[in-house]
Amino acid sequence: MNTRWIAARVITRVLQDGQSLTSALDNALKAVESAQDKAFVQAICYGVCRTYHRLDFILNALIDKPLKSLEVKSLILIGLYQLGHMRVKPHAAVSETVQAARKIAWAKALINAVLRGYLRKQDELEQQAEKVKTAALSHPDWLIKQLEHDWPEQAETLLFENNQPPPMALRVNLAKTSRDSYLQLLLEQNLSAKTVTFTSTGIILDKPVPIEALPGFADGWVSVQDSAAQLAAELLALQPGQRVLDVCAAPGGKTSHMLEQQPDVSELVAVDIDENRMLRVGENLRRLNLQATLVVADAAKTDDWWDGKPFDRILLDAPCSATGVIRRHPDIKLLRRDTDIASLTALQKTILTSIWPLLAPGGTLLYATCSVLKQENEGQIQDFLSAHEDAIELPITTDGWGIPCGCGRQILTGESSMDGFYYARIVKQ
Ligand SMILES: C[S@@+](CC[C@H](N)C(=O)[O-])C[C@H]1O[C@@H](n2cnc3c(N)ncnc32)[C@H](O)[C@@H]1O
């Protein structure tokens, strides 16, 4: 099948059905055989999402009335992305994209006209795009405003970092090998990489590679996990014999890290509402030869799943806007609405207040999000602390990473190559 048509179908799924780019791509790539074609489809789809607001501005400048068909729109966006951002020869980009419209032959002339129109006025259109903030920064207007409001000094860098391709970060399983030995192993395979200074397990590869290329991956020597996410297990520093609750655990990145670091916990209970995502927790644990009690349930409905025995440590990796991982999931810029933030904040609050009674006195809860929005982070925790007399913040003091907030600590996307993340530690008196 034609790769550009496949890419257009993926973008249509995102724009029309609100499907995530990851799942639309996973489905679509099943039909693509060659690794080179897969990489091409992937590069175009990620690129179109990353630059969507700019491409959409240019498209609108080239047509008289809005396009009714999202398949046609997606194909034109794909054409514009190749012409403006890829090293595909312009002639080939236009003719191949028009050819890809075989199933919507009526639209071929239109696609051809728009793409040729772009080539004629490329400089002028790109200059116009530079003058309109949402196009120049390739973000929705509400998110630009929110980031400028929350992080007036850092917003410009943050918006830039959101549009960069992310690095591939690894977590070495110290139960199997040392970080230095693994780094050496990578270098022997001509995979250049560096260690992350403020974690004990982190390595960042100079260039992303397929997981099959990572030495010892199948045997659990290493996992793919952003450096900021690796701080969760370090901040919890589990001790032997502790009973641990991992709330919102799937796909299990932090579950497995906690168990790698402390295999002698009395029990680790991992809860997630999504059955399919929970299957991936099982797969990850099997690969790493680790054990946990897996519970598929709404974490807030504790009567449905809690056995009444308190936990010494709780990790709540809350569902959030994911505004800290836009560079990994650029479709967030297309799918997330400003109205989502209030409902996500309400959901986080419900889960947090429901699981608080499960923490033993003297126990610690670590609240984490991959959001950079204050409402979901320090705002959420400040409200929680004022509403719960038995909750006190255990400040995270470190020179290595993050910005200290009113409470908790914020990593902004791109800091030391990390994803945007927020952590706050709360102790029960
Ligand atoms: C940020 S992800 C968790 C990532 C995971 N902790 C890791 O490190 O791999 C958030 C998770 O929250 C789950 N979730 C959302 N609402 C939930 C609820 N009410 N109860 C339990 N899990 C929920 C989602 O299914 C999703 O897997």
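**Helix faces, cores and the ligand shell**

In helix α10, spanning residues 141-150, the buried positions are L143, Q146, L147 and D150. Looking down the axis of α10, these buried residues stay within an arc of 95°, so they line one face of the helix. The cover over them includes α11 (155-162) and α16 (332-335). All of this is read from a predicted model.

Just ahead of α10, in the loop that connects α9 (133-137) to α10, sits S138. S138 is not a glycine, yet its phi is positive, at about 50°. It also counts as buried, because it has 23 C-beta neighbours inside 10 Å and 20 are enough for that label.

On a coarser level, the protein splits into domain 1 (3-132), domain 2 (168-224) and domain 3 (231-428). Between the C-alpha centres of domain 1 and domain 2 there is a distance of 35 Å.

Now for the packing. The largest nonpolar core has 68 residues, and the members touching the most others are V247, I314, L316, Y367, A368 and F421. Taking L316 as an example, and leaving out residues up to four places away in sequence, its contacts are V247, C248, I351, L352, I355, L365, Y367 and A368. Another core lies apart from this one; it holds 38 residues, including L15, L55, I58 and A101. As a general matter, nonpolar side chains in soluble globular proteins tend to be buried together.

F421 turns up again among the contacts of A228, which also touches I411, M418 and D419, again not counting residues up to four places away in sequence. A228 sits in the loop between β4 (222-224) and α13 (231-236). It is buried, with 28 other C-beta atoms within 10 Å. The pairing with I411 spans 183 residues of sequence, but the C-alpha to C-alpha distance is just 7.6 Å.

The loop between β5 (243-247) and α14 has a couple of backbone quirks. P251 lies in this loop, and the peptide bond leading to P251 from A250 is cis, with omega near 10°. C248 is found in the loop between β5 and α14 too, and its phi is positive, near 65°, in a residue other than glycine. C248 is buried, with 23 other C-beta atoms within 10 Å.

C248 also brings us to the ligand: it is one of the closest of the 19 surrounding residues, along with G253, D274, A299 and D317. By type, that shell divides into eleven nonpolar residues, two polar and six charged. Both α14 (253-261) and β6 (267-272) contribute at least two residues each to the shell.

Notes. Residues numbered from 1 in each chain as written. Predicted model: local features only at pLDDT ≥ 70, side-chain atom pairs only at ≥ 80, totals over all residues. Core = buried A, V, L, I, M, F, W, Y, C linked by C-beta atoms within 7 Å. Buried ≥ 20, exposed ≤ 12 C-beta atoms within 10 Å, placed from the backbone. Contact = placed C-beta atoms within 7 Å. Near = placed C-beta within 6 Å. Helix = DSSP H or I, 4+ residues; strand = E, 2+ residues; numbered from the N terminus. Nonpolar A, V, L, I, M, F, W, Y, C, P; charged D, E, K, R; others polar. Domains from an automatic or database assignment. Arc of directions from axis to C-beta.
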